[in-house]
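Me: Could you take a close look at a single part of the structure shown below, and then set that part against the whole? Please go through it with care, in one connected answer.

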Amino acid sequence: MKLHELRPAKGAVHKDKRLGRGEASGKGGTSTKGNKGGQSRAGYKSKIAHEGGQMPIQRRVPKRGFKNPGHVTFKVFNLAQVELLVEKYKLEEFSLENLYVNGLVSRTDKVKILGNGEIASKVAFKVHAASAKAKAAIEAAGGTVEVLN
């Protein structure tokens with residue numbers, strides 16, 4: 001048996017009964033839609049989150065907290081990770097372009113360096129932010145840190 005020889009079992013496929021083709025068809029009159037109301041009308045679409053008059057879930061659930069519109073999310077790299085990445089990808093400059101080319105960040109990500117771990121290699125950094133501890137460790141290893149806007 002080959003893929004193009006596959007067929008449904010005999011009797012498994014049949015034509016759908018056509019709606020609204022006279023009372024004798026068994027599906028005439030209201031065409032199985034019931035009497036009156038929005039759902040029986042042409043073009044009916046239910047409203048998103050409409051629960052038939054019941055108080056919708058997004059209004060029943062208590063609201064908590066506050067979403068800060070000015071919050072900035074960083075893609076974080078610790079010095080220990082940086083050391084491994086520099087060795088793995090043979091980086092001389094830890095910049096957004098190099099990280100993007102190697103598939104470590106997306107185009108719109110903002111990068112921050114944190115000071116967890118050790119760094120021995122002399123690397124130039126071009127990132128959006130760096131902690132004071134990370135900056136000190138990088139400069140002690142002979143590297144430079146350039147903070148982007």
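Reply: Serine 31 counts as buried, at 15% relative accessibility (buried is under 20% relative accessible area, exposed over 50%, and partly exposed in between, with a 1.4 Å probe and protein chains only). This is a predicted model in which local features need pLDDT of at least 70 and side-chain atom pairs count only at pLDDT 80 or more, whereas totals for chains, interfaces and linings use all residues. Residues are numbered from 1 along each chain as its sequence is written, and side-chain values use heavy atoms, with hydrogens and water left out.

Serine 31 is not a glycine, yet its phi is positive, at about 55 degrees. Serine 31 belongs to the segment before helix H1 (57–60), where helices (H or I, at least four residues) and strands (E, at least two) are DSSP runs numbered from the N terminus. Lysine 36 also lies in the segment before H1, and lysine 36 likewise has a positive phi of about 55 degrees without being a glycine. In burial the two residues part ways: lysine 36 is exposed, with a relative accessible area of 68%, while serine 31 is buried at 15%.

The aromatic side chains bring the strands into the picture. The structure holds 2 aromatic pairs (rings of Phe, Tyr and Trp, the last by its six-membered ring, pair if their centres lie within 6.5 Å, and planes under 30 degrees apart count as stacked, over 60 as edge-to-face and the rest as tilted). Phenylalanine 77 and phenylalanine 94 form an edge-to-face pair, because their planes stand at 80 degrees, with the ring centres 5.5 Å apart. This pair links distant parts of the chain, since phenylalanine 77 sits in strand S1 (residues 74–78) and phenylalanine 94 in strand S2 (residues 93–95), 17 residues apart. Phenylalanine 94 is buried at 0% relative accessibility, and phenylalanine 77 is buried at 7%. Phenylalanine 94 and phenylalanine 125 have ring centres 5.2 Å apart and planes at 45 degrees, so this pair is tilted. Because phenylalanine 94 lies in strand S2 and phenylalanine 125 in strand S4 (residues 124–127), the pair ties together parts that are 31 residues apart in sequence. Phenylalanine 125 is buried too, with a relative accessible area of 1%, and Phe77, Phe94 and Phe125 form one aromatic cluster.

Set against these places, the whole protein has 4 helices and 6 strands, which follow the pattern α-β-α-β-α-β-β-β-α-β along the sequence. Buried residues make up 21% of its 149 residues. Of the contacts (heavy atoms within 4.5 Å) between residues at least 6 apart in sequence, 41% join residues at least 24 apart. The radius of gyration of the protein is 32 Å, where a compact globule of 149 residues would have one near 15 Å; this radius is taken over C-alpha atoms, and the globule rule is 2.2 Å times the number of residues to the power 0.38. Along the principal axes, the C-alpha atoms fill a box of roughly 90 × 55 × 25 Å.
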